[in-house]
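Trainee: Could you show me how to read salt bridges and sheets in a structure like this one?
Mentor: Gladly, let's open it together.

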Amino acid sequence: MKPDSKLDHEVIIIGAGVSGIYQLYRLLEMGVNVTVLEAGGGPGGTWYWNRYPGCRFDSESYTYGYSFSKELLEEWNWSEHFSGQPETLRYLNHVIEKFDLRGHMQFDCHVKSGAFDEDACTWTLTLDDGRSLTTRFLITAIGMLSAPTMPTIEGVDSFKGTAFHTYYSPQEPIDYAGKRVGIIGTGATAVQLIPEIAGKVSELTVFQRRPNWCAPLHNGPIDEAAMAEIKASYDEIFAKCHATPGGFIHGPDRRKFAEVSEEDRLTFWEDLYNSPGFGVWLGNFRDVLVEEIPNEAFTNFIADKIRARVDDPVTAEKLIPKDHGFGTRRVPMETKYFEAYNRDNVHLIDINETPIECITPAGIKTTAAEYEFDIIIYATGFDAITGAFDRIEFTGVNGQKLSDKWIDGPITYLGLQTSGFPNLITIAGPQGGSVATNFPRGIEEAVEWNTELLKYLHKYKYNRIEPKLDAEDEWTEHVKQTYSYSLLGNSKSWFTGYNSNVEGHDKIRYMIYNGGAVRYRQRLAEVAENGYQGFDLR
Ligand code: NAP
C-alpha cells in the first residue's frame with residue numbers, strides 16, 4: 001500500500017492475539033506500514049491472560065494452529081491432543097519469532113479511544129501513555145472473550161485473602177496446597193479449573209447458579225509417531241475443518257435421530273461420549289441441536305451419565321441442568337469434573353437455594369452460612385464480543401459513538417464493518433462467522449478476506465470504505481434469522497449476548513452469525529467477487 005507520510009501508520013491493529021498476529025503477518029507481507037497495539041505485557045491474547053490451572057484447548061491442538069505455513073506445520077510438535085495454555089502461548093511466541101513479527105508489536109499499550117476524522121479520512125487513537133497515533137485503517141483484533149466481568153455482589157473488594165477473575169489469574173503460579181478455595185461460576189472455565197485443583201486444596205467450595213451440560217474431553221499425549229501421522233494428514237485435517245459448519249473436525253451426522261433404531265442410537269451416543277473432543281456436541285445427529293424431541297432424548301442420555309459418575313444422588317441432581325437442553329449453550333469439555341464432587345473436600349453450593357448475600361473480609365456469606373477462604377476465584381465469564389469494543393471509546397462520523405450505535409445489540413455488515421465508522425475493520429467482531437467457529441479456522445479466513453480487501457482498495461486508489469445502510473440492515477436481520485436455525489438461539493449464554501452482571505445485557509442480543517462457516521465463506525466470496533458489494537468505496 002502507498003504510505004502516507006503524514007500518518008503514523010497506514011494500518012493499526014489493536015490486539016496481538018491469534019487474529020492480530022496473523023493479520024500483522026499478512027500486512028507485512030504486503031509491505032504495509034503497520035503496528036500492533038497490545039494491552040498485555042506480551043502477545044497471545046486469550047492465551048496470554050488465562051493462566052488458571054487446567055486452562056487448555058477444547059479444539060484438537062492440530063486444528064487450532066495456523067494453516068498458512070507448511071514449514072510451521074512441519075516443525076511444530078503438539079504434545080497433547082488438547083494442549084494446555086503454556087504450550088499454546090509458546091506456540092504463538094514461536095510463530096512471532098519465526099516470522100519476525102515482534103518488532104512490529106507494542107505491549108502494555110492501552111488504547112483509550114479512537115476517533116474518525118472525516119476530512120482527513122483517518123483514525124486517531126489515544127493511548128493511556130499519553131500518545132496519539134494516526135492511521136488510515138484501523139483493525140480491531142480485540143478478542144471476543146476479553147472483557148471479563150465480576151459479579152455484582154456487595155463486598156467484592158472487602159475480601160482480605162487472594163481473589164481474582166480467572167482471566168486475570170496471577171502470572172506466577174499459585175501454590176494451592178492446603179488452601180481453602182471458593183469458586184463462583186460453573187462455565188467452561190470453572191469446569192477445567194475445578195478438577196485440576198480439587199486434589200491439591202484443603203477445601204474447595206463451588207458456588208453454582210446454573211449447571212452446564214458437560215462432556216468428557218478425553219485428552220491424551222501425542223507421541224512422536226502420532227505427531228508424524230498428524231503432519232502427514234494436515235491437508236485432510238484442514239479440508240475436514242473447511243467442510244464443517246464450526247470449522248472443527250467434527251461435523252453433524254447426516255442422519256436424523258428418528259431414522260436410527262434405538263439400539264443403534266445408543267451405540268452411536270456411547271461412541272460419541274467416549275470419543276475425544278466436541279464430537280458429542282457437534283458430531284451428533286443433525287437434528288439434536290435443532291429439534292426438541294431429539295434434543296430431549298440426548299439430554300436424558302447425558303443426565304444419566306452424570307448420575308452414574310456422581311456418588312451422591314442429591315449432588316448429581318444439582319449438577320444436572322434443568323432449564324436448558326444439552327448443547328444449547330456452549331458445552332464445557334471436562335476431565336473428571338463430575339468425579340471431583342465425589343471427594344470429601346469438594347462442596348457444591350446451589351446459590352438458588354441459598355443465595356450469596358455478600359463477600360466478606362473472610363470469605364463468602366450465603367443466606368445459610370459464612371464460608372471462610374484463603375482464595376476466591378471468580379470464574380464468572382465475560383461481557384462477550386461487544387464488551388471489548390465498549391471499553392474503547394470509538395467515535396465515528398458526526399461524533400457518533402459505537403457504544404451508542406450498538407446499545408441494543410450490534411449492527412454490522414458481515415460482522416466485519418459497521419456504517420458510520422469508515423475504515424474500521426473488526427476481526428472477530430460481533431455478527432461475524434469466525435466467532436462461532438474453531439477460532440483460528442474462522443479468523444484465518446476473515447484475515448485473508450480483509451487483506452484482499454485492502455489490496456483492492458489500494459489497486460483502485462480508494463481510501464475510504466464503509467458499509468451501505470441497506471446492506472448492513474439486511475445482514476443484521478439475516479444474523480437474527482440464523483438464531484432460529486438451532487436451539488442455541490433461545491439460551492441465556494454469551495452466545496446470545498446474555499450477561500447478568502452488565503446493565504442492559506440481561507436479554508438476548510444477536511451477536512453471532514449462526515449460519516455456519518461454509519455459508520459465511522460463500523457470502524464473503526460473493527461480496528468480494530461483486531466488487532465489494534454493499535460497501536460504499538471512495
Ligand atoms: P461462562 O460460560 O459465561 O460462565 C460463567 C459462570 O459464572 C456461569 O456459571 C455463570 O452462571 C456464573 N456467574 C456469572 N455471574 C454470576 C453471579 N453474579 N453469581 C453467580 N454466578 C455467576 O464463562 P467461562 O466459563 O469463562 O466461559 C466463557 C467461554 O470461554 C466459554 O463458553 C468458551 O467459549 C470459552 N472458554 C474456552 C475454553 C477452551 O476452549 N478450552 C476454556 C474456557 C472457556 P450462569 O450460567 O447462571 O450465568
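Mentor: We will go through the salt bridges and then the sheets, keeping in mind that this is a predicted model.

Trainee: How should I think about a salt bridge in general?

Mentor: Side chains of opposite charge can pair when their charged atoms come close. For this model, the count comes to 32 salt bridges.

Trainee: Let's take one of them. Which residue does Asp58 form a salt bridge with, and how far apart are the closest N and O atoms?

Mentor: Its partner is Arg330, and the closest N and O atoms are 2.7 Å apart. This pair links distant parts of the chain, since the two residues are 272 residues apart. Asp58 sits in the loop between helix 2 and helix 3, while Arg330 lies in the loop between helix 12 and strand 11.

Trainee: Is Asp58 buried or exposed?

Mentor: Buried: Asp58 has a relative accessible area of 7%, and the cut-off for that word is under 20%. Arg330 has 26%, so that residue counts as partly exposed.

Trainee: Now a pair on helices, please. Where are Glu317 and Arg307?

Mentor: Glu317 is in helix 12 and Arg307 is in helix 11, with their positions 10 residues apart in the numbering. They form a salt bridge whose closest N and O atoms are 2.7 Å apart. Glu317 is partly exposed, at 32% relative accessible area, and Arg307 is partly exposed too, at 38%.

Trainee: Which residues are linked with Arg307 and Glu317 in a network of salt bridges?

Mentor: Asp304 and Lys322 join them in that network. When you click on one charged residue, then, it is worth looking for further partners.

Trainee: What about Lys507 and Asp408: how far apart are their closest N and O atoms?

Mentor: They are 3.7 Å apart, and the pair counts as a salt bridge because the cut-off is within 4 Å. This is another link between distant parts of the chain, with the two residues 99 residues apart. Lys507 lies in the loop between helix 17 and helix 18, and Asp408 in the loop between helix 15 and strand 18. Lys507 is partly exposed at 34%, whereas Asp408 is exposed at 61%.

Trainee: On to sheets. What should I look for when I meet one?

Mentor: Look for the strand order, the pairing sense and the edges. Here, three strands form an open sheet in the order 13-14-15, with antiparallel pairing. Strand 13 and strand 15 are the edge strands, each pairing on one side only. From one strand to the next, the twist averages 20 degrees.

Trainee: How many bridges join strand 14 to strand 15?

Mentor: Three bridges join them. To find the register, start at Gly363, whose bridge partner in strand 15 is Glu372.

Trainee: And what is the strand order in the sheet with five strands?

Mentor: The order is 7-16-8-9-12, an open sheet with parallel pairing. Its edges are strand 7 (162-165) and strand 12 (346-350), and the twist averages 15 degrees from one strand to the next. Strand 7 pairs with strand 16 over four bridges, and Phe164 stands opposite Ile377 there.

Trainee: Which helix packs on that sheet?

Mentor: Helix 6 (residues 188-198) does, touching strand 8, strand 9, strand 12 and strand 16. The direction of helix 6 makes about 165 degrees with that of strand 8.

Definitions and conventions
Residues numbered from 1 in each chain as written. Predicted model: local features only at pLDDT ≥ 70, side-chain atom pairs only at ≥ 80, totals over all residues. Heavy atoms only, no water. Salt bridge = Lys/Arg side-chain N within 4 Å of Asp/Glu carboxyl O. Buried < 20%, exposed > 50% of the residue type's maximum accessible area, 1.4 Å probe, protein only. Pairing = 2+ DSSP bridges. Axes fitted to C-alpha atoms, helices over the stretch in contact; angles between N-to-C directions. Contact = heavy atoms within 4.5 Å.
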